[in-house]
Amino acid sequence: MIKFIIKRLLYGFLVLFGVITTVFLLFNVLPGDPARMRLGQHTDEKSLEIIRKDLNLNLPLHRQYLMFLNDLSFFSIHNIKDSTNNFFLDTTKYGHPTKIIGGDKKALFVKAPYLRRSYISQRPVWDIIKRAFPATVVLALTSIIFASFFGIMFGIFSSLYKNSFWDRLVSVISTLGMAGPSFFFALIIAWLFGYVWHDWTGLKNLGSLYTPNIYTGEDDLALRNLILPAFTLGIRPLALIVQLTRSSMLEVMSMDYIRTARAKGLSNFKVIVKHALKNALNPVITAISGWFAGLMAGAAFVEAVFDWKGIGNAVVEALLNYDLPVVMGSTLIFSTCFVAINIIVDIVYAILDPRVRLQ
């Protein structure tokens, strides 16, 4: 079991390393000048050179990459004496890390990952993400709970009434739910419930969680109107869970032990809940865990439409402002969450089913 966990952690580390490398290369070959974006179009070359030096944009690409890895790593090497060195231990950036080993000039430190600073607000990217992250977690968690509960219920109902009118109706609706993009559903639902029917629904103020701008640093937490964005974001996983639960239940209901349970005189409720559903939920749980991680990363359009101040909305604002550190930091946070959730699910499966470890 220990060997299995170590292998999964190693695979997760390799995936994150690949994501970090891809993100760095992708955002450092994009056209545009971050220094000019920061100072505006009407500025002089001397000021631009100062900003490029401050952002290390004047260095070769491979040296920028090494500095990027050094900033993100929990263990980093820093120069202690020379303040002009690119790897100088700047306490305004890294805080006060703990020295592990080294001399008076260079040393190895333990520190929190440093995600750089926003080009626009000069705030640490981690502060922006830390403020927006709870909103995205609340939205994704609410959406997946809604999708899981109703998806499993409708899937069971559809499997019990196979080939009936209601089964076909549920299948058609779930197919439409899987086929429709989230941003399209978001626009339609926001227009219908937030504008056309707002007198009846009371949902005119759509989904704001924080005060307007992620760069202001204001913190006016006011959780309201979670219904529309959570419902919109949960449509696609709901449709998938319905289909998966239905097919899994139909497969399990044809097993010999289900016929044996019925022959013993057990009620239909006990057969479904205690025998069939318990064994049919394994693929559903896998889908739910994957979708939860995916919802956190894929909520950008829904958050933008409903003005929900999560990381997705922060990424949209950062893209519009060409604020690359915020986009890069958010992408890395999403990737870390996705990898961590998949590792946890793999370990839980290995604990519950020893065949996973053997394979």
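**Exercise 1. Determine in which hand α10 passes α12, and describe the packing of the two helices in this predicted model.**

Solution. Begin with the crossing itself: α10 passes α12 in a right-handed crossing. The contact behind this crossing draws on S248, M249, V252 and M253 from α10, and on I272, A276, L277, N279 and A280 from α12. Sorted by class, the residues of the contact of α10 with α12 comprise seven nonpolar and two polar ones, with no charged residue.

The geometry comes next. Two packed helices are described by the angle between their axes and the distance between the axes. For helix α10 (residues 227-253) and helix α12 (residues 268-280), the axes come within 8 Å and cross at roughly 120 degrees. With that angle, α10 is therefore oblique to α12.

**Exercise 2. Classify the orientation of α6 with respect to α13, and list the residues that make the contact.**

Solution. As a starting point, take the two numbers for the pair: helix α6 (residues 125-160) and helix α13 (residues 282-297) pack at an angle of about 150 degrees, and their axes lie 9 Å apart. An angle over 145 degrees counts as roughly antiparallel, and α6 and α13 are therefore placed in that class, roughly antiparallel to each other. As for the hand, α6 passes α13 in a right-handed crossing.

The residues can then be read off helix by helix. On the side of α6, the contact is made by F133, T136, V137, A140, L141, S143, I144, S148 and I152, while α13 supplies V284, I288, W291, F292, L295 and M296. In terms of class, the contact of α6 with α13 has 12 nonpolar and three polar residues, and no charged ones.

**Exercise 3. Work out the strand order of the three-stranded open sheet, and state which strands are its edges.**

Solution. Strands of a sheet pair through backbone hydrogen bonds, either parallel or antiparallel. The first step is to treat the pairs one at a time. β1 and strand β3 (residues 106-110) pair in the antiparallel sense over five bridges, and within the sheet N79 stands opposite K106 in β3. β2 and β3 also pair in the antiparallel sense, here over four bridges, with I101 standing opposite L108 in β3. The connection from β2 to β3 is a hairpin of three residues.

The second step is to assemble these pairs, which gives an open sheet with the order β1-β3-β2 and antiparallel pairing. Its edge strands are β1 (75-79) and β2 (98-102), each of which pairs on one side only. On average, and with direction ignored, neighbouring strands of this sheet are turned by 35 degrees against each other.

**Exercise 4. Examine the positive phi angles of R116 and Q122, and decide whether each residue is buried, partly exposed or exposed.**

Solution. Consider R116 to begin with: although R116 is not a glycine, its phi is positive, at about 70 degrees. R116 is found in the loop between β3 and α6. Its relative accessible area is 23%, and since buried means under 20% and exposed over 50%, R116 is partly exposed.

Turn next to Q122, which is likewise not a glycine and has a positive phi of about 65 degrees. Q122 lies in the loop between β3 and α6. With a relative accessible area of 30%, Q122 is partly exposed.

Note on methods:
Residues numbered from 1 in each chain as written. Predicted model: local features only at pLDDT ≥ 70, side-chain atom pairs only at ≥ 80, totals over all residues. Heavy atoms only, no water. Axes fitted to C-alpha atoms, helices over the stretch in contact; angles between N-to-C directions. Parallel < 35°, antiparallel > 145°, perpendicular 65-115°, else oblique. Left-handed = near helix turned anticlockwise from the far one by under 90°. Contact = heavy atoms within 4.5 Å. Nonpolar A, V, L, I, M, F, W, Y, C, P; charged D, E, K, R; others polar. Pairing = 2+ DSSP bridges. Buried < 20%, exposed > 50% of the residue type's maximum accessible area, 1.4 Å probe, protein only.
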